[in-house]
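Q: Please explain, step by step, how the terms used for this protein follow from its values.

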Amino acid sequence: MDFKEEYKERKRSLFFGLPLSFTTYTLTEKKINIKKGLLKTVEDDTLMYKVQDVTLVRGLIERIFGLGTVICYSSDVTDSKLMLVHIRNSSEVKEFILQTAEMERRKVRTVHTMGLDASEYSDYVETEDLQ
């Protein structure tokens with residue numbers, strides 16, 4: 001599977017894995033785009049460097065039809081839990097997101113800071129040092 005430029009996939013139904021939905025997923029090296037709807041469309045983007053963790057979920061029916069659901073946990077304000085529901089090649093998509101997110105974090109020089117609380121370290125800083 002080649003993700004060089006972008007990878008597009010549609011949400012599929014569990015009935016034979018057919019793309020009967022109006023939801024499309026587009027993955028690039030920079031972002032994940034989810035577009036939903038027919039008459040009224042809603043489009044949501046998350047930058048790759050904001051993705052913190054990725055989970056792959058496959059139920060029995062999904063495994064039978066070669067599908068899976070990829071869940072991306074991110075620090076995005078609008079949607080911290082992106083779900084790429086019932087997609088083909090879900091294992092490869094998960095690995096692509098994990099690797100690309102790590103590369104993008106290194107490019108923009110961000111570190112994973114979830115769970116760090118500055119107030120824990122306030123005991124180590126003396127007020128004289130700040131003046």
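A: The model is a predicted one. A residue is called buried under 20% relative accessible area, exposed over 50%, and partly exposed in between.

Q: Why is Leu14 called partly exposed?
A: Leu14 has a relative accessibility of 35%. Partly exposed is the class between 20% and 50%, and therefore Leu14 belongs to that class.

Q: Where is Leu14 found, and which patch includes Leu14?
A: Leu14 is found in the loop between strand E1 (7-10) and strand E2 (23-27). On the surface, Leu14 joins Phe15, Phe16, Leu18, Leu20, Leu60, Ile61, Ile64 and Phe65 in a nonpolar patch, whose accessible area together is about 900 Å². A patch residue needs over 30% relative accessible area, and Leu14 has 35%.

Q: What makes the contact of Glu6 and Lys8 a salt bridge?
A: The side chains of Glu6 and Lys8 meet with N and O 3.9 Å apart. The cut-off is within 4 Å, for a nitrogen of Lys or Arg and a carboxyl oxygen of Asp or Glu, so this pair qualifies.

Q: How do you know which class of exposure Glu6 and Lys8 each belong to?
A: Glu6 has 42% relative accessibility, so Glu6 is partly exposed. Lys8 has a relative accessible area of 58%, which is over 50%, and therefore Lys8 is exposed.

Q: What makes Lys94 and Glu95 a salt bridge, and which class of exposure does each residue belong to?
A: The closest N and O atoms of Lys94 and Glu95 are 3.4 Å apart, and this is within 4 Å, so the pair is a salt bridge. Lys94 has a relative accessible area of 19%; because this is under 20%, Lys94 is buried. Glu95, with 35%, is partly exposed.

Q: Which residues are joined into one network by salt bridges that share partners?
A: Glu9, Arg12 and Arg88 form that network. Within it, the side chains of Arg12 and Glu9 meet at 2.9 Å, N to O. Both Arg12 and Glu9 are buried. A search of the whole structure finds nine salt bridges.

Q: How do you know that Glu62 has no salt bridge?
A: The nearest side chain of opposite charge is that of Arg58, 7.0 Å away. A salt bridge requires a distance within 4 Å, and therefore Glu62 does not meet the criterion, although Glu62 is buried.

Q: Where is Glu62 found, and which residues does Glu62 touch?
A: Glu62 is found in helix H1 (residues 60-64). Not counting residues up to four places away in sequence, Glu62 touches Leu14, Val57, Leu67, Gly68, Thr69 and His86.

Q: What makes E2 and strand E3 (residues 31-36) a pair?
A: Five bridges join E2 to E3, and the two run antiparallel. Pairing requires at least two bridges, so E2 and E3 count as paired. Thr26 has Asn33 as its bridge partner in E3. E2 and E3 form a hairpin with three residues between them.

Q: How do you know that E3 and strand E4 (residues 42-47) pair?
A: E3 and E4 are joined by six bridges in the antiparallel sense; at least two are needed. Asn33 has Asp45 as its bridge partner in E4. The hairpin of E3 and E4 has five residues between the strands, and in this hairpin Gly37 takes a positive phi near 110°.

Q: Why is strand E6 (residues 67-74) called largely enclosed by the rest of the structure?
A: Strand E6 is described in this way because seven of its eight residues are buried.

Q: Which strands pair with E6?
A: Strand E5 (residues 51-57) pairs with E6 in the antiparallel sense over six bridges, and Val54 has Cys72 as its bridge partner in E6. Strand E7 (residues 81-88) is also antiparallel to E6, joined by six bridges. Ile71 stands opposite Met83 in E7, and a hairpin of six residues joins E6 to E7.

Q: What is the secondary structure of the protein, and in which order do the elements run?
A: The protein has three helices and seven strands. From the N terminus on, the elements run β-β-β-β-β-α-β-β-α-α. Of the 131 residues, 33% are buried.

Key: Residues numbered from 1 in each chain as written. Predicted model: local features only at pLDDT ≥ 70, side-chain atom pairs only at ≥ 80, totals over all residues. Heavy atoms only, no water. Buried < 20%, exposed > 50% of the residue type's maximum accessible area, 1.4 Å probe, protein only. Patch = residues over 30% accessible without salt bridge, like charges linked within 9 Å, V, L, I, M, F, W, Y side chains within 5 Å. Areas by Shrake-Rupley, 256 points an atom, 1.4 Å probe, with all protein chains shown as cover. Helix = DSSP H or I, 4+ residues; strand = E, 2+ residues; numbered from the N terminus. Lys, Arg positive; Asp, Glu negative; His and termini not counted. Contact = heavy atoms within 4.5 Å.
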